[in-house]
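Trainee: Hey, got a minute to go through this structure with me? I'd like to ask a few quick things as we look.

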Amino acid sequence: MKLENDWFIQPTGDPFADVGGYVIEYFREKFPKKNILELIKEATYIYVKNWDNNLHSFFLNSTITHNSNKGQKGIDKTLEYYQSLLEDKRDAQEGYCRITGQKTKLYFAGRDNHIMSGSATLINFHHGFQSGILLSKEVLIRIFFSPLGLIQLGNKVALIQSNNEEVNRYFVKRILDNNFKDLASGISKSLQKSEFSNPANTLFDFAHKCISDLKIAASDNTTGTKGITLNLYHFTNFGASPEIKLYTLPAVVFLFYQKCLSLEFKSDWQRFVNYHYRSSGFKDAYYNDATSTWENKKDSVGYDDYKTWRNPVYERLLNGESLLGLFERWSRKNKLNIKIIEIYQQVLRNMDKRTLQKIQDLTNFIIEDKDFTKKSITRLNGMKSGYDIRQFFLNLIAKNYYNKNEKALITLEDYVEYLFPDGASWRDIRDLLLISIYQKLHETDTSLDIEMPELEAEQELES
Amino acid sequence: MEVYKIDLTSWTASFRYPNLISGFQPTLEVPPLSTVLGLINAAAGSYQNYQTLKIGYYFEYEAKAVDLETIYQISSKDGKPTNQAKSNILNREFLFNAFLRLYLTDNIIADYFRQPYYPLLLGRMNDLATVTNIEKGELAAVVNADKVRGQIIPFAKNRLAGQIQALPKYFTNSFPRNNIGTEPYSIINFKSNALATGIQAFRDELAPNKPIDIYFHEIDFSVYA
């Protein structure tokens, strides 16, 4: 049986079909002499003989998952179904495939042969009460292969899709390599299980692997890469409760994360991230910076254990929430390379470089006087509104004037354009100023006796 | 390039992922071409048979939220609907305070929006939209556009970062309707930070100091005849 085109592997934009395509690509390399039906047979054997028909997260009442299709019967029915598709022996309509866009014979897809596309109970959710969505045989076959390229994450299945083909292929290849390793050892019983249980950690771990293993560049003119997005589909098509959620690691977060993992910042960044892991199951724990372990009176756990805990740093980056509160809190007692925060503000928060420079100028002015630094920190920590920080800046301007300094500390342009531009948050400016002051104090090894209030960030971290 | 800019706003909008039928219903962050061309049909009051079409658009919104929605599932027998329906619920994501700007080169199409024939919708039937402004303007060409956002861009040649989805360009005027021109697109959120693209686009200003580079989709419908 000759394949006429590459619709079995060509990227379509549909995450499920594309994973199936990468699996077929992998199978073709592994079994170069086998045709597509023989490859389907290989996959079917794995599903039936090794995985005991356990594809319930993908297909409902399929030729494999229906209770009556255990053992050889499941194999026979599956091969019969896909052979009839390949030989165009099934009822079909001519039209455009809903996923590939190609003009070809189309077949109805539902929960037995496709993922998340609904069943007969959703007939009025299809055009003209059709019995499902209309797809080409190539897409249906790709979907059949997709479980082999996916991973179990908690109680659902995870799929990571990117705009970068190399990243997509890498995601599937790692899983398939492990599947075949386990099959060879006779221990493959189902999907590969992720060591993580939440999407945020999974995405950042995968981004880390892409950066370190693939040496992938977020923006690279030689390869034409224009930023890398990672989209995680977390889904189950199981029984009466199909569910799907999408998580996106945007290109700017990928770019920021890549910079954080560079040699210059990695150590500072990793300490900051490690400190923020949280687990409700590990009570009264504290982070031991010297050993990079989390400890309590009874136990001590290393990175390989706590890396699976939830981490508000990753969660905030995924949700587009500010990290400044966490940076500020961390900076009180720890040295953090200020460039990380500058990159964060510029890449993720679109902050003007001149705003950051102005904050540095204000910091230099404040730390000239130890008592004034102490008072300034206390005052900044106690601020409740934008009015407070405006008053604070006006006082700095006055102090600079009465000190008879020739150069204005804050010009009208600085105030309007850079400290309080449209859409800027006074909290961000306050936090940045505090971070910058702490940074200078660390650099000069200056210790100030200040009573620190517990910030909202601390309470949020524990929630 | 001389264009007609049509501004539409709506309280809510929701654009389905075409092939996610069961479970949670997320919304695309930018409408697909088929939705925008459907909007033109609604304004025109009839199905538009294009030979070719050049169109650009930009979409933004204020917030994203999830609504618990009642749905009715009609039971079927032998692949045909019956008169039995049962209610169910699902969570549907929606966009709040949406803004869509269309860029059209054809004044006839632009004129449809001066007095739309049917209600204009940005998604479901309750996502009612209003035309807030129609004006003629000149857009300057930009090579290697770096302010492409709030749009969908064909993926195959550009591979831009964003949510990647297979989206249709249009639907047939048949029953049932069939999608045509489906291909992968990068869906680029309006909040995305600017990245160099290598795309030829046209620069507009949404507001003072708020430039945007608009990609024009050039569709040849004859290939789908």
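Trainee: Let's begin with the second largest pocket. How many nonpolar, polar and charged residues are in its lining?

Mentor: Its lining has 20 nonpolar, 17 polar and five charged residues. Keep in mind that we're looking at a predicted model.

Trainee: Okay. Which residues lie nearest the centre of that pocket?

Mentor: H127(A), R16(B), T35(B), G123(B) and F171(B) lie nearest the centre, out of 42 lining residues.

Trainee: And what's the volume of this second largest pocket?

Mentor: About 1600 Å³.

Trainee: Which element gives the largest share of the lining?

Mentor: That's α1(B), with six residues. In chain B, α1 (33-44), β4 (80-104), β5 (120-121) and β10 (170-171) each supply at least two lining residues.

Trainee: Switching topic: how many disulfides are there over all chains?

Mentor: Zero. Take C210(A): the nearest cysteine sulfur belongs to C260(A), and that is 16 Å away.

Trainee: Why is C260(A) not bonded to C210(A)?

Mentor: Because their sulfurs are 16 Å apart, which is too far for a bond. We count a disulfide only when the two sulfurs are within 2.5 Å.

Trainee: Are those two cysteines buried or exposed?

Mentor: C210(A) is buried, with a relative accessible area of 0%. C260(A) is buried too, at 2%.

Trainee: Now the inside. How many residues does the largest nonpolar core have?

Mentor: It has 202 residues. Those with the most contacts inside this core include F27(A), F145(A), F327(A) and, from chain B, F113(B). Helix α17 (residues 426-443) of chain A gives the most to this core, nine residues.

Trainee: What is F327(A) in contact with, leaving aside its neighbours within four places in sequence?

Mentor: W269(A), F272(A), L336(A), I340(A), I341(A), Y344(A) and I435(A). Apart from the largest core lies another one of nine residues, among them A145(B), I153(B), I188(B) and A201(B).

Trainee: Last one: where does Y26(A) lie?

Mentor: In helix α1 (residues 15-30) of chain A. Y26(A) has a relative accessible area of 17%, so it counts as buried, since the cut-off is under 20%.

Trainee: And which residues does Y26(A) touch, not counting those up to four places away in sequence?

Mentor: Y26(A) touches K173(A), L176(A), D177(A) and F180(A). As for I9(A), that residue is 17 places from Y26(A) in sequence, and their C-alpha atoms are 10.0 Å apart in space.

Key:
Residues are numbered from 1 along each chain as its sequence is written. Chains are lettered from A and ligands numbered from 1 in the order in which they are written. This is a predicted model: local features need pLDDT of at least 70, side-chain atom pairs count only at pLDDT 80 or more; totals for chains, interfaces and linings use all residues. Side-chain values use heavy atoms; hydrogens and water are left out. A nonpolar core is a set of buried Ala, Val, Leu, Ile, Met, Phe, Trp, Tyr and Cys residues joined through side-chain atoms within 4.5 Å. Buried means under 20% relative accessible area, exposed over 50%, partly exposed in between (1.4 Å probe, protein chains only). Helices (H or I, at least four residues) and strands (E, at least two) are DSSP runs, numbered from the N terminus. Contact means heavy atoms within 4.5 Å. On a 1 Å grid over the protein atoms alone, a cavity is a set of points where a 1.4 Å probe fits but cannot get out, and a pocket is an open set with protein on both sides within 12 Å along at least five of seven lines; lining residues have an atom within 4 Å of a point. Grid points are joined across faces, edges and corners, and a volume is the space filled by probe spheres set on the points. Ala, Val, Leu, Ile, Met, Phe, Trp, Tyr, Cys and Pro count as nonpolar, Asp, Glu, Lys and Arg as charged, and the others, Gly among them, as polar.
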